[in-house]
Amino acid sequence: MSTIGFSPEEIDTAAPTRSARLKWVVVVSSALPAGRAANAAICVAAATAREVGGLLGPDAVDADGSTHPGLPWAGCSVLAADADTLATIRTKADASDGVFVAGMTELAQSTRVYDEWLSGMAESHAADLEYYAVSVVGPKNRVDKIVGRLPLL
């Protein structure tokens with residue numbers, strides 16, 4: 001996996017999100033019920049935030065002095081797609097240079113023990129995986145080509 005992210009000098013929390021060099025989208029299966037869709041989106045977002053440097057802005061402190069952990073300063077769109085489109089997005093993103101992709105499969109939601117998920121993934125062929133959500137970060141033009149004009153979730 002190549003390193004994708006913002007360098008410290010690129011982070012401009014005073015600028016509109018559209019001015020960021022990289023675009024972040026999370027695409028979720030439109031067939032999932034709300035709770036499972038939210039779970040899938042949150043899981044791929046967590047994996048993305050860990051791997052893509054500079055996505056999260058600085059912590060905020062409210063007027064009472066309470067600290068609130070930083071949120072994505074460059075924004076994140078949450079889109080909807082059918083299962084076939086999700087698989088296509090995952091494949092295209094994985095093949096695109098300079099693009100990060102993280103996916104949540106049906107197997108991830110159907111196992112309750114992490115090691116069982118690892119074993120199941122090791123036994124699964126990429127073409128057989130059913131994706132519930134895919135997170136993609138990369139240059140805007142590449143991400144736009146990968147996800148097309150999908151609707152918001």
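Which element gives the largest share of the lining of the second largest pocket? In this predicted model, that share comes from strand S1, with three residues. About 250 Å³ of space lies in the pocket in question, and its lining is made up of Thr17, Arg18, Leu22, Lys23, Trp24, Ala74, Gly75, Cys76, Ser77, Lys140 and Asp144. Two elements, S1 and H5, each give two or more residues to this lining. Sorted by class, the lining of the second largest pocket comes out as four nonpolar, three polar and four charged residues.

Next comes the largest pocket, with a volume of about 770 Å³. Its lining takes in 31 residues, and the ones that lie nearest the centre are Ala47, Ala102, Gly103, Tyr114 and Trp117. Helix H1 (34-51), helix H2, strand S5 (100-105) and helix H4 (114-122) are the elements that each give two or more residues to the lining of this pocket. Of these, H1 gives the most, with seven residues. As for the chemistry of the lining of the largest pocket, the split is 18 nonpolar, seven polar and six charged.

Helix H5, already met at the second largest pocket, spans residues 140-147 and has Val143, Ile146 and Val147 as its buried residues. These cover an arc of only 85 degrees around the axis, so they sit on the same side of H5. What do the buried residues of H5 pack against? Their partners are strand S1 (22-29), strand S4 (77-81), helix H2 (83-95) and strand S6 (131-139). The face turned away from this buried side carries Asn141 and Lys145, both exposed. After H5 comes Gly148, with a positive phi near 65 degrees.

Strand S6 is also home to Ser135. Is Ser135 buried or exposed? Its relative accessibility is 0%, and because buried means under 20%, Ser135 counts as buried. The side chain of Ser135 joins that of Trp24 through a polar contact of 2.7 Å. Trp24 also turns up in the lining of the second largest pocket. Setting aside neighbours within four places in sequence, Ser135 is in contact with Trp24, Val25, Val26, Val44, Thr48, Phe100, Val101 and Ala102. One of these, Ala102, is among the residues that lie nearest the centre of the largest pocket.

Two residues of helix H3 round off the picture. Gln109 has its place in H3, which runs over residues 106-110, and counts as buried at 10% relative accessibility. What does the side chain of Gln109 make a polar contact with? The partner is the side chain of Asn39, at 2.9 Å. Not counting residues up to four places away in sequence, Gln109 touches Arg36, Asn39, Ala40, Met104 and Tyr132.

Glu106 has its place in H3 too. With a relative accessible area of 30%, Glu106 is partly exposed; that label fits because the value falls between the 20% limit for buried and the 50% limit for exposed. Apart from its neighbours within four places in sequence, Glu106 is in contact with Glu130 and Tyr132. Tyr132 is thus named among the contacts of Glu106 and among those of Gln109. Along the chain, Glu106 and Ala127 are 21 residues apart, and their C-alpha atoms are separated by 13 Å.

Notes. Residues are numbered from 1 along each chain as its sequence is written. This is a predicted model: local features need pLDDT of at least 70, side-chain atom pairs count only at pLDDT 80 or more; totals for chains, interfaces and linings use all residues. Side-chain values use heavy atoms; hydrogens and water are left out. Helices (H or I, at least four residues) and strands (E, at least two) are DSSP runs, numbered from the N terminus. Buried means under 20% relative accessible area, exposed over 50%, partly exposed in between (1.4 Å probe, protein chains only). A polar contact is a pair of N or O atoms within 3.5 Å; within protein, one must be able to donate a hydrogen and the other to accept it, and residues adjacent in sequence count only if both atoms are side-chain atoms. Contact means heavy atoms within 4.5 Å. The arc is that of the directions from the helix axis to the C-beta atoms. On a 1 Å grid over the protein atoms alone, a cavity is a set of points where a 1.4 Å probe fits but cannot get out, and a pocket is an open set with protein on both sides within 12 Å along at least five of seven lines; lining residues have an atom within 4 Å of a point. Grid points are joined across faces, edges and corners, and a volume is the space filled by probe spheres set on the points. Ala, Val, Leu, Ile, Met, Phe, Trp, Tyr, Cys and Pro count as nonpolar, Asp, Glu, Lys and Arg as charged, and the others, Gly among them, as polar.
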